[in-house]
Amino acid sequence: MGFLFDSFSGWKEHCSKNDVKLFIPVLEYEKEQKGRGEAEVWEGLNHAYFVMKDAVETGLSEEMTSRSGMINNGAKKVFQNDKTVLSKEFQNLISRALAAKEVNSCMGRIVAAPTAGASGILPGTLYTLQEIHGLEDKKILEGLLIGAGIALIIEQKASLAGAVGGCQAETGSAAAMAAGAIVYCLDGDIDQIFNAVAITIQCMLGLVCDPVAGLVEVPCVVRNASAAAIANSSAQIALSNVSAVIPVDECVDAMGEVGQSMEDRYKETAMGGLAATSTGQKISKKVLIQDIEILPDEEIKE
């Protein structure tokens, strides 16, 4: 029986004991738990990465206006802006994370990684990383397996759901997955990979889930962009051998504790935070009226 992903320390020990690369236990987990052959797993990963890249390109080329009106081609505006804050690469990173998440908000095809609400983070980071460093697809797919292993442990020790742990559980987990994948793809060692995860969690700890009008649009889309930036900064710090001080398993435990302590209004209920502001409430009422108006007469009467 393979490793069951109950801790990062156990993952490292398993790889050391069996003298295998970090992604191998995740590959074996997929094969054992889901009854898939190795070729089938790689094929699925390849398809997932294709969908991620397609979501990025769709968000940057097609009309991205959500029915609520809160999303209105923001990714393209960022991508096409002549004024760059840091560099064109950073601008590309931000716009690509926005793009994939806008596709989700506009009912397009995405990969929930680990959730739909965080679906722009891995596409934005990995697409840009591959472009900058000229990485082969195989390396990126191995990075996706690393990200999946990270998510499996977070899911067991804390949560991946905003309704359970707030936005730290969704965009925070996705950013941690991305940071670990980035470090792996740039040939970081296991300690550096896990250190990147720890740093990311520390940066995202306590983030609430407060979707305006209950829609995964505001502030969810822009949080995907900021989380992508945090993933890259955490990777850079970890690759420089700067310690997170608090071990990664303890960071995940802290995420779980914070999520349990968080009040319900901050966990995807649209009752607190930005959703509870006067503007947020106005938008909520407007969206509700729009929903009622498009229902067939029979459904309204019911």
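These legends accompany views of a predicted model, from the whole chain to single residues.

**Figure 1. The overall fold is built from 14 helices and zero strands.** Along the sequence the pattern reads α-α-α-α-α-α-α-α-α-α-α-α-α-α. The radius of gyration is 19 Å, close to the 19 Å that the globule rule gives for 302 residues, so the protein is as compact as a globular protein of that length. Computed along no single view but along the principal axes, the C-alpha atoms fill a box of roughly 65 × 45 × 40 Å.

**Figure 2. Contacts and burial in the protein.** Of the 302 residues, 49% are buried. Take the contacts between residues at least 6 apart in sequence: 74% of them join residues at least 24 apart.

**Figure 3. The surface and its charges.** The protein exposes about 14100 Å². Carbon and sulfur atoms supply 53% of that area. The charges number 25 positive and 40 negative. Their mean positions lie 5 Å apart.

**Figure 4. Helix α6 covers residues 121–133.** The helix has 13 residues, and at 1.5 Å a residue they should span 18 Å. The end C-alpha atoms are 18 Å apart, which agrees. Gly134 follows α6. Its phi is positive, near 60°.

**Figure 5. Helix α6 is mostly covered.** Ten of its 13 residues are buried. The buried stretch begins with Ile121, Leu122, Pro123, Gly124 and Thr125. Leu126, Tyr127, Thr128, Leu129 and Gln130 are buried as well. An α-helix has 3.6 residues a turn, so residues three or four places apart point the same way.

**Figure 6. Packing partners of helix α6.** The buried residues of α6 pack against five helices named here by residue range. Earlier in the numbering are α3 (38–59) and α5 (88–105). Later come α7 (137–157), α9 (167–185) and α11 (220–239).

**Figure 7. Ala254 sits in helix α12.** This helix holds residues 248–261. Ala254 is partly exposed, because its relative accessible area is 27%, between the 20% limit for buried and the 50% limit for exposed. Gly180 lies 74 residues from Ala254 in sequence. In space the two are 19 Å apart, C-alpha to C-alpha.

Conventions
Residues numbered from 1 in each chain as written. Predicted model: local features only at pLDDT ≥ 70, side-chain atom pairs only at ≥ 80, totals over all residues. Heavy atoms only, no water. Helix = DSSP H or I, 4+ residues; strand = E, 2+ residues; numbered from the N terminus. Rg over C-alpha atoms; globule rule 2.2 N^0.38 Å. Buried < 20%, exposed > 50% of the residue type's maximum accessible area, 1.4 Å probe, protein only. Contact = heavy atoms within 4.5 Å. Areas by Shrake-Rupley, 256 points an atom, 1.4 Å probe, with all protein chains shown as cover. Lys, Arg positive; Asp, Glu negative; His and termini not counted. Charge placed at Lys NZ, Arg CZ, Asp CG, Glu CD. Expected span 1.5 Å × (residues − 1).
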